[in-house]
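Student: I am new to this structure and should like a close look at the surroundings of its ligand. Please set that part within the fold as well.

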Amino acid sequence: MTGAGISAESGIPTFRGAGGLWKEFKAEDLATPEAFAKNPPLVWEWYNWRRQLIAKAVPNPAHKALVQLEIRKRGFTLITQNVDGLHDLAGSGKILKLHGDIWRLRCTVCGANWPNRKTPLPKIPPHCACGGLARPGVVWFGEPLPDGMMKEAEHAVSAAQVFLVIGTSASVYPAASLVPYARQAGAKVIEINTDETPFSATVDCALRGPAGELLPKLW
Ligand code: OAD
């Protein structure tokens, strides 16, 4: 399972810690359904800015090492909290995107869901072909994960011999619950992070350092 830290070496800011987005911006003003209902253009301006930042980024050696793991290890499943699309760009096949995808839009009226990689967006806020207001295809605070996604992730975790937890503060639920879930299911849990997390003391192995350096070595 990966988090924002795996994309840090690609130049995409993380959410927490030094230089994290939630230091500069308030999540409740930008990443909640209430914020969007109150001010769609403001929320869209922020996502438009992030999309432009992410559009310049390319996968780093950590994303690429996970592609190699997928090719060589049968039963490998990639679970990510990231919405940046760098795992897709690196060439990962099946990805469980717990928090959605910043490169997809969803209609708030008819529910249509479509890919959109335009940066910057030509018009803010964007609209659906049906005329309805479109929203970013991501999961906001207070929203449920995409249908069936957590079940699928738990299924993969319960079958795993090894669970790698890479570049996540493991502080956002339900994603973070997969760490104790993996331990209970009997997987060896290996954390790769530049810093400590709430689970560092309980995992089987905590590797301290940048994912772009450690993952290729581990592989
Ligand atoms: P965070 O920003 O909370 O945590 C990033 C983690 O990556 C931290 O533990 C850092 O120590 C670590 N890190 C930073 N650089 C690293 C590197 N080069 N190599 C390895 N580790 C590194 O990001 P997430 O845990 O992904 O949700 O955040 C979870 C969710 O909170 C996000 O998906 C997003 C956010 O609010 C929503 O928007 C719903």
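Student: Which residue has a polar backbone atom 2.8 Å from an oxygen atom of the ligand?

Tutor: That residue is A4, whose polar backbone atom lies 2.8 Å from a ligand oxygen. The model is predicted, so to speak of local features pLDDT must be at least 70, and side-chain atom pairs count only at pLDDT 80 or more, whereas totals for chains, interfaces and linings use all residues. Residues are numbered from 1 along each chain as its sequence is written, and side-chain values use heavy atoms, with hydrogens and water left out.

Two side chains also present polar atoms to oxygen atoms of the ligand: one of W22 at 2.9 Å and one of H99 at 2.7 Å. A polar contact is a pair of N or O atoms within 3.5 Å. Altogether 23 residues surround the ligand, each having a heavy atom within 4 Å of it. The closest are F15, R16, T168, S169 and N193.

From the ligand we may turn to the sheets. Helices (DSSP runs of H or I, at least four residues) and strands (E, at least two) are numbered from the N terminus, and two strands pair if DSSP finds at least two bridges between them. One open sheet has three parallel strands in the order β6-β7-β8. Its edges are β6 (162-166) and β8 (205-208), each with a single partner strand, so one side of each lacks a neighbour in the sheet. On average, neighbouring strands here are turned by 15° against each other, direction ignored. Angles are taken between axes fitted to C-alpha atoms, for helices over the stretch in contact, and run from 0 to 180 degrees between N-to-C directions. Five bridges connect β6 with β7 (residues 188-193), and V165 stands opposite E191 in β7.

Helix α9 (residues 211-218) packs against this sheet: its buried residues, A211, G212, L214 and L215, pack against β6, β7 and β8, and also against α5 (61-72). Buried means under 20% relative accessible area, exposed over 50%, and partly exposed in between, with a 1.4 Å probe and protein chains only.

A further open sheet, of three antiparallel strands, is ordered β4-β3-β5. Here β4 (113-115) and β5 (134-138) are the edges; each has a single partner strand, so one side of each is left free of a neighbour in the sheet. The twist from one strand to the next averages 40°. Four bridges join β3 (residues 100-107) to β5, and G100 stands opposite V138 in β5. Helix α4 (residues 40-55) packs on the sheet, touching β3 and β5, and its direction makes about 140° with that of β3. Contact means heavy atoms within 4.5 Å. Within α4 lies N48, which is buried at 6% relative accessible area. Leaving aside residues up to four places away in sequence, N48 touches P120, L121 and I124.

Lastly, the cysteines. The whole structure holds zero disulfides, a disulfide being a pair of cysteine sulfur atoms within 2.5 Å. The sulfur of C107 has its closest cysteine sulfur, that of C130, at 3.7 Å, too far for a bond. C107 is buried, with 4% relative accessibility. C110 is likewise in no disulfide; the nearest cysteine sulfur to it, in C107, is 3.7 Å away. With a relative accessible area of 46%, C110 is partly exposed.

Note on methods. Polar contact = N/O pair within 3.5 Å; in protein donor to acceptor, adjacent residues only side chain to side chain.
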